[in-house]
Amino acid sequence: MTKKKQYPGGVKLTLKKARAVAIQEFGTAKGLAKEEPAPFGYFTMEIGNLYVRIHPDTYGETGCIVVSAEMAHGTGQSLKFLDPETLQDNFDVLEKRRREDDREALNDWVNSNGPEFCHKQIDRAWERG
């Protein structure tokens, strides 16, 4: 019995498939290269001031391909989760990730400011309606 090879995030993301994703999402794959040092299936490219990463979802283990884009010298990030077979958006995974990020930010806010302060802020906002 042969053991099936395990890939990071459960996705075998080849350069060929990463190129297809880059062309689909950005209209070009110019400059797409393997990210060093990174596990199998991690690719990067720059388009002007935009830094792009295409890789398996090793953080959430969703079995999706993650496409992230951010300004080279800025803040913020745009994320997309694609089905590895169809390369179509997986909005369910994106919504789940958004909820997890929101919950984490709320926990950080409460842990940083204390529950009493946060409760007062919520009551004040609720009263303003």
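The exercises below work through a predicted model of one chain, each with a stepwise solution.

Residues are numbered from 1 along each chain as its sequence is written. Because the model is predicted, local features need pLDDT of at least 70 and side-chain atom pairs count only at pLDDT 80 or more, whereas totals for chains, interfaces and linings use all residues, and side-chain values rest on heavy atoms, with hydrogens and water left out.

**Exercise 1. Overall layout**

Task: Determine which elements the chain contains, in what order they run, and how the radius of gyration of the chain stands against that of a compact globule.

Solution:
1. The chain has 3 helices and 5 strands, where helices (H or I, at least four residues) and strands (E, at least two) are DSSP runs numbered from the N terminus.
2. Read from the N terminus on, the order is α-β-β-β-β-β-α-α.
3. For 129 residues, a compact globule would have a radius of gyration near 14 Å, but this chain has 19 Å; the radius is taken over C-alpha atoms, and the globule rule is 2.2 Å times the number of residues to the power 0.38.
4. Along the principal axes, the C-alpha atoms fill a box of roughly 55 × 45 × 30 Å.
5. Buried residues make up 26% of the 129 residues, with buried meaning under 20% relative accessible area, exposed over 50%, and partly exposed in between (1.4 Å probe, protein chains only).

**Exercise 2. The sheet**

Task: Work out the strand order of the sheet, and identify which strands stand at its edges.

Solution:
1. The sheet is open, contains 5 strands in the order 1-2-3-4-5, and has antiparallel pairing; two strands pair if DSSP finds at least two bridges between them.
2. Strand 1 (33-34) and strand 5 (78-82) are the edge strands, since each has a single partner strand, so one side of each is left without a neighbour in the sheet.
3. Strand 4 (residues 65-71) pairs with strand 5 in the antiparallel sense over 5 bridges, and Ala69 has Ser78 of strand 5 as its bridge partner.
4. Within strand 2 lies Thr44, which counts as buried because its relative accessibility is 14%.
5. Beyond residues up to four places away in sequence, Thr44 touches Gly31, Leu32, Ala33, Glu35, Tyr51, Val52 and Arg53, a contact being heavy atoms within 4.5 Å.

**Exercise 3. The nonpolar core**

Task: Find which residues of the largest nonpolar core touch the most other members, and which elements supply at least two residues each.

Solution:
1. The largest nonpolar core has 16 residues, among which Leu13, Ala18, Val21, Leu32, Ile54 and Ile65 touch the most other members; such a core is a set of buried Ala, Val, Leu, Ile, Met, Phe, Trp, Tyr and Cys residues joined through side-chain atoms within 4.5 Å.
2. Helix 1, strand 2, strand 3 and strand 4 each supply at least two residues of this core.
3. Leaving out residues up to four places away in sequence, the contacts of Leu13 include Ala18, Phe43, Ile54 and Ile65.

**Exercise 4. Backbone features in the loops**

Task: Locate the cis peptide bond and the residues other than glycine with positive phi, and decide whether Glu61 and Leu87 are buried or exposed.

Solution:
1. The cis peptide bond joins Glu36 and Pro37, with omega about -20°, and Pro37 lies in the loop between strand 1 and strand 2 (43-47).
2. Glu61 has a positive phi, near 50°, and is placed in the loop between strand 3 (50-56) and strand 4; at 54% relative accessibility, Glu61 counts as exposed.
3. Leu87 also has a positive phi, near 60°, and lies in the loop between strand 5 and helix 2 (91-113); at 13% relative accessibility, Leu87 counts as buried.
4. Leu87 is in contact with Gln24, a residue of helix 1 (residues 15-26) that counts as partly exposed at 39% relative accessibility.

**Exercise 5. Helix 3 and the cysteines**

Task: Check the span of helix 3 against its number of residues, and establish how many disulfides the structure has.

Solution:
1. At 1.5 Å a residue, the 14 residues of helix 3 (residues 115-128) should span 20 Å, and the end C-alpha atoms are 20 Å apart, which agrees; the expected span is 1.5 Å times one less than the number of residues.
2. Of these 14 residues, the number buried is 1, so helix 3 lies largely in the open.
3. Gly129 follows helix 3 and has a positive phi, near 60°.
4. The whole structure has 0 disulfides, a disulfide being a pair of cysteine sulfur atoms within 2.5 Å.
5. Cys64 is buried at a relative accessible area of 3%, and Cys118 is buried at 2% relative accessibility.
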